[in-house]
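Let's walk through this assembly together, one question at a time. Have the coordinates open as you read.

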There are 4 protein chains.
Amino acid sequence: MSIEVGILGATGQVGQQFIALLANHPWFKVTWLGASERSAGKAYRDATAWRLPALLPDEVARMTVNNAAPGAAPKLVFSGLDSSVAGEIESAFAQAGHIVVSNSRNYRMERDVPLLIPEVNADHLKLLPCQASRGWKGRIVTNPNCVVVVYAMALAPLRQFGLKTSILTTLQAISGAGYPGVASWDILANVIPFIGGGEEQKIETETNKILGQLKDGAVANHPLTISAAVTRVPVHNGHTASASVSLEQKPDAEAIVDAWNSFRGRAQELELPSAPPQPLVYLTEPNRPQPALDVNRGGGMTVTIGRLRPCPVLDYKFVALGHNTIRGAAGVAILNAELMHREALL
Amino acid sequence: MSIEVGILGATGQVGQQFIALLANHPWFKVTWLGASERSAGKAYRDATAWRLPALLPDEVARMTVNNAAPGAAPKLVFSGLDSSVAGEIESAFAQAGHIVVSNSRNYRMERDVPLLIPEVNADHLKLLPCQASRGWKGRIVTNPNCVVVVYAMALAPLRQFGLKTSILTTLQAISGAGYPGVASWDILANVIPFIGGGEEQKIETETNKILGQLKDGAVANHPLTISAAVTRVPVHNGHTASASVSLEQKPDAEAIVDAWNSFRGRAQELELPSAPPQPLVYLTEPNRPQPALDVNRGGGMTVTIGRLRPCPVLDYKFVALGHNTIRGAAGVAILNAELMHREALL
Amino acid sequence: MSIEVGILGATGQVGQQFIALLANHPWFKVTWLGASERSAGKAYRDATAWRLPALLPDEVARMTVNNAAPGAAPKLVFSGLDSSVAGEIESAFAQAGHIVVSNSRNYRMERDVPLLIPEVNADHLKLLPCQASRGWKGRIVTNPNCVVVVYAMALAPLRQFGLKTSILTTLQAISGAGYPGVASWDILANVIPFIGGGEEQKIETETNKILGQLKDGAVANHPLTISAAVTRVPVHNGHTASASVSLEQKPDAEAIVDAWNSFRGRAQELELPSAPPQPLVYLTEPNRPQPALDVNRGGGMTVTIGRLRPCPVLDYKFVALGHNTIRGAAGVAILNAELMHREALL
Amino acid sequence: MSIEVGILGATGQVGQQFIALLANHPWFKVTWLGASERSAGKAYRDATAWRLPALLPDEVARMTVNNAAPGAAPKLVFSGLDSSVAGEIESAFAQAGHIVVSNSRNYRMERDVPLLIPEVNADHLKLLPCQASRGWKGRIVTNPNCVVVVYAMALAPLRQFGLKTSILTTLQAISGAGYPGVASWDILANVIPFIGGGEEQKIETETNKILGQLKDGAVANHPLTISAAVTRVPVHNGHTASASVSLEQKPDAEAIVDAWNSFRGRAQELELPSAPPQPLVYLTEPNRPQPALDVNRGGGMTVTIGRLRPCPVLDYKFVALGHNTIRGAAGVAILNAELMHREALL
């Protein structure tokens, strides 16, 4: 089996990650690359400086980059487009009949667009038919903001305990800002207590949609109240969240750890190629998780959690970590497409 | 005027910072250095590898290091001793009649020992006479843990609004771990979501004592409930706290910023040499404070605050930053001694 | 005395450093700022994000940025312009009668333009009258590339021993690339063995001009043969050079260290305000100089040297370090202007 | 096939790397761990804090650590012992009949001990019988210092051109100093132009032995004259060497690149499991090799080279990079043992 896929925004940080992750994918094969006019017409290797330790596959290196417009692109396209252009381009692709599996933020909060993590809310795919009313022959599926993926996955198994409120501070990696992103002068041996583009607001809103229930063909947001504070730290990959939560029920710590370690979703049920067998792993060492040691677990698709302890103000506090450009971006998008394939939605 | 001072733990990270800060002090002059037996008898420059950008004063470099025992030491000694030995040594000095101004944690929570920040609770010095009942001819005064200093200073002006609860995550610099401290392998381009020695508990308890009121000759702890999560980040100097607070009164943001910017204490009243004219400075830029840019304000004695905004769970959230080995350790200890001198307690 | 000065390229990395260093200058007072059209008309504080730990002086913050064109600018202008525009703009200023003290590379190798380090080749100012033949009413004086300043200063006292050949590898700080300069993704916990813009060639050619003798109104380049290899390392400020040299005479190590420590130039003779009393300081500790500890010596104007030892291939090897945006850029340019003032050339 | 192996110094940085690399080895199986008395008797997971991103295999985690003494250990033991104890312990093992494949420096320069890189001087194994005269029933084989491996591999194919002299400056990773090794305070955003333990001398002497010819049962050192300057940089893994060489013949650059890319050794001939198909890879991008991008090529066993260009003083200059704890330590030792196995020397 080989399903042809295209990549929108192929020369960017997330675009490169798509190419690296799809290099040996059992189902999907990259046959089309789309980027800005500046890159169009060039061989991919000349259109971008490859910046990942994984080798750029020769076959992709030689491909000619296309203008980011529908037409010759395969039906399934992944989008790592910058949000400044993603809105228009992705809708053009959807209109033309493409399935756009997007990492961009533009359509995430639209009522008829799934904001999807296959382990958490696979049933939100049922929103897709609503998109027909836009006149689209194709569809758009989105994944959450990179840090929201990590945070929402850690919270998902806690819904059973009655999630009420949560306060978190994040320590986010530089790759989350794209490339060139953060200037080295600004972040070397430093902390920046701010991330632009409404990062805190995204955490406070996207999470509720992901954790929400599908009711009458629409998502009823989860009522959790969230307060997010974000910071940038000099780490290559890996967003860390230091979070407190209050819960209606009062489970003991063991019950929470069990909920995390036993958490499985539709991605595991279907044994999707990019799904880690255990999506959440609780680490018992007192000083974990750490980006340098834990971010690549499960090929970067596992979220690690640690330091569960009582919170004197809310109920519990803990630390969660995930790879922001894999689990938090290109990897989760690929998992979304794998899910759609197995659900016969491609 | 020249008051002779000694330094206990002179070869450690905090000891070096004492020496650097006292190099041109208008009142205090270092005339005695105490350290472990391994260093005793050596010239200071041979007993320690000087690790600060500030030059080691020649005069101190040539001084002979003494065993950390009372006797020839001057009446006033600063202590940067490791807590594993500070308990015994500091009490020996107090017993022998010395005034020990200590950065160590051992006596901080003792009922008769001031846990002092001159801007916040200068009146806690009134605890000192109680120490006579220990049979000490001298006294011990302590300053809080490095990150507690920063946090407590940011909270102090909020007491007027009825501080109820606070949740914070810290991002702490490597110098807070002493020397050699954190291995470079562990922290380079990484985050460690843990600091040993009960760091979180110290924040949750010391803060209440500092913010407490003196009543009937004892400190009545402030009733604020605190939940602290600490992390270590690859920054040389500067502990950052990302904090939320709930307040009984509901001041507007402007009132809070005014409370910070107009905050002054006994240190400013007395115009102590190490006191910054404005101990708390609110920065209006959206991405501040940052260690690389703001940590050395006021010679490292100013705490900078930024990003005040509503907290959806508690009332407000903000970011505070202070220099952990100056305002959070050697600098605040020197300020404590300056206060005691002006209050005629030396 | 107060000499008005302007700053071309005021919003860039070197421009900010000019402003910081001139904040309390005894002779020069910034009264004019020039930058690109994008910045012109704005208050300086709105035209640039201030990125230095030193506070932006309020007076400068409020100044309106001008278009980088002569006219209202004072006679003396410092230039931190990018080389892509410096050629045209600086000549326009020179033509209009301004003295341009430039850090840009455009005119450095012109036969009639001094490439100046006041301690090394102050007499090269005698080239200035030649510029009259260009029809310029004003003049241009340049300083070398940032790493060349450090290297040439370390070599200058060795000319007496008959400098023949030198091989060096540099480890250069990120601030040398301007702002935003190097992306954090590229340099965090990494080494880049390359710097664009002909950095190695600049070292191999500018050095010979600086060390050259003035003969018959022109500079006769020093015959030293140089081989430079440059690397970028994750350091904020401070270019390190690991160098070997062969010498015609065979001085012993002590003679070389003496030559460095006793080296003085016209800047010291005239006691120029920015001149460190001892421009070259040899450090005897085996692991020095280091950027983190030594780069700010003498306000960033001192070059530190260490590790002199025999070289099995050439004669000696050693390590030299200097602050690339102070001694290597804005600081040396200010020193050049101070020299010109005292030599009555302004 | 399964050959039992032991690991001396199992709890150290190199010991951990041995365990990680042997986790799925086709021939060797770790069945014995030796360490200091402090660790002996403990389960391995309790005796050491695992510090590698690769997961500690459960099977090894549960093994009991032994005292580092011969007896129950299998015949083949890898040694990652600290040089302060390696001399005595390794000879005890050799005496008792063990084959010690050591990464320690103690026996490297002994006349009867191979200093081995399988691609470069596999025939030096013929020295082994000479060790019988020590009364050893077993044997010791060593690999070079971590940076020497990288450098010697880059030079090996240049021997055909008549290597005469070489000057190099290295930029070495922190993992080369073991654990805890370099304090973070010393190296974060800094460069240390010094490495203890005679690092420069090791480069200047070990290289000549490795590149030497076996004549009459002894190694005749290569006559290359080397001058090494070493620095430590804030990089996790990967030693970079910026080197110049002079050559008797004057090959053009293409011939040199061909010599590197076509270089193969006995390890490739025998298709040893840990041997990369192409041990030296020349990268044509102008800014490579870089630790962050290239250090893990070939599982960390490939040395990457770049930036070949004329050297104005010697003949050519270039940059070489290799993984210091894999190709430069545990990986090359495993390759040495693989070679010995295939040469029937185990």
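Two residues are in contact if their C-beta atoms, placed from the backbone, lie within 7 Å. Please keep in mind that this is a predicted model.

Q: How many residues does the contact take from chain A and from chain B?
A: Counting pairs by the C-beta cut-off of 7 Å, we can list the residues on each side. The contact takes 35 residues from chain A, and from chain B 35 residues.

Q: Which element gives the largest share of the side of chain A that touches chain B?
A: Elements that give two or more residues to this side of chain A include β7 (163-172), β10 (225-232) and β11 (239-247) of chain A. By class, the side has 19 nonpolar, 13 polar and three charged residues. The largest share, five residues, comes from β10(A).

Q: Which residue of chain B comes closest to the rotation axis that relates chain B to chain C?
A: A turn of 180° with a shift of 0.0 Å along the axis lays chain B on chain C, with an RMSD of 0.0 Å. The two copies are therefore related as by a two-fold rotation axis. The residue of chain B that comes closest to this axis, at 3.3 Å (C-alpha), is B:A189.

Q: What percentage of the interface residues of chain B are also interface residues in chain C?
A: Six residues from chain B and six residues from chain C make up this contact. On the side of chain B that touches chain C, five are nonpolar, one is polar and none is charged. The copies meet through the same surface, because the share of interface residues of chain B that are also interface residues in chain C is 100%.

Q: What radius of gyration does chain A have?
A: The C-alpha atoms of chain A fill a box of roughly 60 × 50 × 35 Å along the principal axes, and 60% of its 346 residues count as buried. For 346 residues, a compact globule would have a radius of gyration near 20 Å. Chain A agrees with that, having 19 Å.

Q: Which element supplies the largest share of the side of domain 1 of chain A that touches domain 2 of chain A?
A: The domain assignment splits chain A into domain 1 (3-144 + 330-342) and domain 2 (146-324). Between them, 29 residues of domain 1 are in contact with 27 residues of domain 2. Both α5 (118-121) and α13 (326-342) of chain A supply at least two residues of that side of domain 1. The largest share, seven residues, comes from α13(A).

Q: Is B:I140 buried or exposed?
A: B:I140 lies in strand β6 (residues 139-142) of chain B. Beyond its neighbours within four places in sequence, B:I140 is in contact with residues including B:E90, B:V100 and B:Y107. A residue needs 20 or more other C-beta atoms within 10 Å to count as buried. B:I140 has 27 such atoms, so B:I140 is buried.

Q: How many of the nine residues of helix α1 of chain D are buried?
A: What covers the buried residues of α1(D) includes β1 (3-8), β2 (28-35) and α12 (326-342) of chain D. Among the buried residues are D:Q13, D:F18 and D:L21. The helix, residues 13-21, is largely enclosed by the rest of the structure, because its count of buried residues is nine of the nine.

Methods
Residues numbered from 1 in each chain as written. Chains lettered and ligands numbered in written order. Predicted model: local features only at pLDDT ≥ 70, side-chain atom pairs only at ≥ 80, totals over all residues. Helix = DSSP H or I, 4+ residues; strand = E, 2+ residues; numbered from the N terminus. Buried ≥ 20, exposed ≤ 12 C-beta atoms within 10 Å, placed from the backbone. Least-squares fit on C-alpha atoms with pLDDT ≥ 70 in both. Domains from an automatic or database assignment. Nonpolar A, V, L, I, M, F, W, Y, C, P; charged D, E, K, R; others polar. Rg over C-alpha atoms; globule rule 2.2 N^0.38 Å.
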